[in-house]
Amino acid sequence: MAATMANATRATVLKLYREILRESKKFTGYNYREYALRRTKVAFRENKSLTDEAKIKALIQEAEENLQIIKRQVVLSQLYKDPSLVIEGENAGQR
Amino acid sequence: MLPGICRSTVGAVRSVVGVSRRHFLQQSSSLGTVAPKLEDAVTNEDTFAGRALYMDAQSTTPLDPRVLDAMMPYSLAYFGNPHSRTHSYGWESEEAVEKARAQVARLIGADSREIIFTSGATESNNISVKGVGRFYKSRKKHILTTQTEHKCVLDSCRALEGEGFEVTYLPVQSNGIVDLKVFEEAIRPDTVLASVMMVNNEIGVKQPIPEMGKICRAHKVFLHTDAAQAVGKIPVDVNEMNIDLMSISGHKIYAPKGIGALYVRRRPRVRIEALQSGGGQERGMRSGTLPTPLIVGLGEACNISQKEMEYDHKRISALANRLISKVTGQISDVIQNGDPDQRYPGCVNLSFAYIEGESLLMALKSVALSSGSACTSASLEPSYVLRAIGAAEDLAHSSIRFGIGRFTTEEEIDYTAQQCISKVTALREMSPLWEMVQEGIDIKEIQWSQH
Ligand SMILES: Cc1ncc(COP(=O)(O)O)c(C=O)c1O
């Protein structure tokens, strides 16, 4: 029982993680895009071996809220495109 | 001969030892004509494509997308006046404002009732200095501050001097920090307020606010601190630090411009004479309808910076160290201004000897930088903060401030360092002073002809 529960949580977390990364890549602004990717990776890694059920649940909830924020802000960033920066090179800002 | 050298190096090295102040100002007036030529020589290889990188986090910061997201509903559906008491439109806005007030208070260890919303740190500083001064003027008429404060504090003090107050502008040591002994000795029986900035906006040094708090409490003097560059970046607790008034600015912590807060202690109570007459909002201390969306943004920014402080601080420190070690590893004669330890790491102020900051800024077009505070960057005057730490005129003129923030990347640091190294090297190659130094001539010994 506990094992299947853990497996279910693991799948939820992985799905959330991938979805947040996928959405984050859509920011037209270099700095926001990089930040979202970096911060997400660090946060998920930091809590990788968490076992406290309540904490995990709270973090999943927070990640879901963040995903919604990212989705809305990505739309905004596509409506009002960020100009690409000097370090971005050829395909910058075309995402 | 020597005046000739002088003139030909105007763009690269404006100030030389022994040149009189007046002479120096005349020279700077020709900068406009000399600089573009110089700029061509230094930057012709990079007609860069794209927008400059942003490395000026002390002047302002971009909005955090989470902040904007929290604000949006209050710019759209929830537009009510938070002071409207008769309908739900008002209640919704009021609830949002009070939530934000609690978020600001929590970040600094205060009570919600001690937070007043203002338009920014400039207004908070004005209310603190003038408001406290005027309220207690019948009993106490002396104010203590430092020479490295933000202009809005210095000018508020000047205004009070015009009203019969006496102000002591304390010097700082060469590391930018006020000597506590000098501070305590400057307190008089009629001192009402001490106003000292927590983190300096130009050189990033931290003043010993907790120690000053103890001293002020013992002498029954109110302590105001301009924490525009500190709150949200380093831990601040108004009770542990014995702070009586504190200014906060939204746009330094990824919230919008035009919003800020003032902490005013309730116990022991600090009284203020309001600067603005009106509807009596904010307990009479700051009349005017509260801008709900901006306030919600400030609250969310405080909430985020509380959660992210440790991560941001660690990361920004690492980026700052990376920048400093790359630059100093490749260029000699670089001086870091301000105390090396008692500082906020995200503000790196470097002087590059033998070249001029203004020329370097122009050469570094692909990075948005400044030589100091935005308010003085229009003038060619060297920064009064750098002069106060006793930087020689030439070093005060050759400084650049690198502002690193939450959204700065490693790639940006590397690009900035590399640009900096190549431009400084190129500018120095054109500088006769640098040439003399390379030949072993001690330029401090040269008697420049006066004319
Ligand atoms: C230390 C300090 N105080 C005050 C201010 C002014 O703040 P605001 O723009 O919020 O009025 C700034 C920034 O400009 C600052 O760096």
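Visitor: What makes B:Ala121 a polar contact of the ligand?

Guide: A backbone N or O atom of B:Ala121 sits 2.9 Å from an oxygen atom of the ligand. A polar contact is a pair of N or O atoms within 3.5 Å, so this pair counts. Keep in mind that this is a predicted model, where local features need pLDDT of at least 70, side-chain atom pairs count only at pLDDT 80 or more, and totals for chains, interfaces and linings use all residues. Residues are numbered from 1 along each chain as its sequence is written, chains are lettered from A and ligands numbered from 1 in the order in which they are written, and side-chain values use heavy atoms, leaving out hydrogens and water.

Visitor: Which side chains pass that test too?

Guide: B:Thr122 has a side-chain N or O atom 2.5 Å from a ligand oxygen, and a polar side-chain atom of B:His251 lies 2.8 Å from a ligand oxygen. Alone, the ligand exposes 390 Å², and the protein buries 86% of that (Shrake-Rupley areas, 1.4 Å probe).

Visitor: How do you know what surrounds the ligand?

Guide: A residue is near if one of its heavy atoms lies within 4 Å. The ligand has 13 residues around it, with B:Asp226, B:Gln229 and B:Lys252 among the closest. Helix H6 of chain B (residues 121-135) gives the most to this shell, three residues; helices here are DSSP runs of H or I, at least four residues, and strands are E runs of at least two.

Visitor: Why are H4(B) and H10(B) called parallel or antiparallel?

Guide: Helix H4 (residues 65-75) and helix H10 (residues 292-330), both in chain B, have axes that come within 8 Å and cross at roughly 155 degrees. The angle runs from 0 to 180 degrees between N-to-C directions. Over 145 counts as roughly antiparallel, under 35 as roughly parallel, 65 to 115 as roughly perpendicular, and the rest as oblique. Therefore H4(B) is roughly antiparallel to H10(B).

Visitor: What about H10(B) and H14(B)?

Guide: H10(B) packs on helix H14 of chain B (residues 410-429) at about 20 degrees, with axes 9 Å apart. So those two are roughly parallel.

Visitor: And how is H2(A) set against H10(B)?

Guide: Helix H2 of chain A (residues 30-46) and H10(B) pack at about 115 degrees, with axes 13 Å apart. That makes H2(A) roughly perpendicular to H10(B).

Visitor: What makes B:Asn242 stand out?

Guide: Most residues other than glycine have a negative phi, and most peptide bonds are trans. B:Asn242 has a positive phi of about 55 degrees without being a glycine. B:Asn242 belongs to the loop between strand S6 (222-226) and strand S7 (245-249) of chain B.

Visitor: How is the peptide bond from B:Arg267 to B:Pro268 arranged, cis or trans?

Guide: Cis, with omega near -5 degrees. B:Pro268 sits in the loop between strand S8 (260-264) and H10 of chain B.

Methods: Polar contact = N/O pair within 3.5 Å; in protein donor to acceptor, adjacent residues only side chain to side chain.
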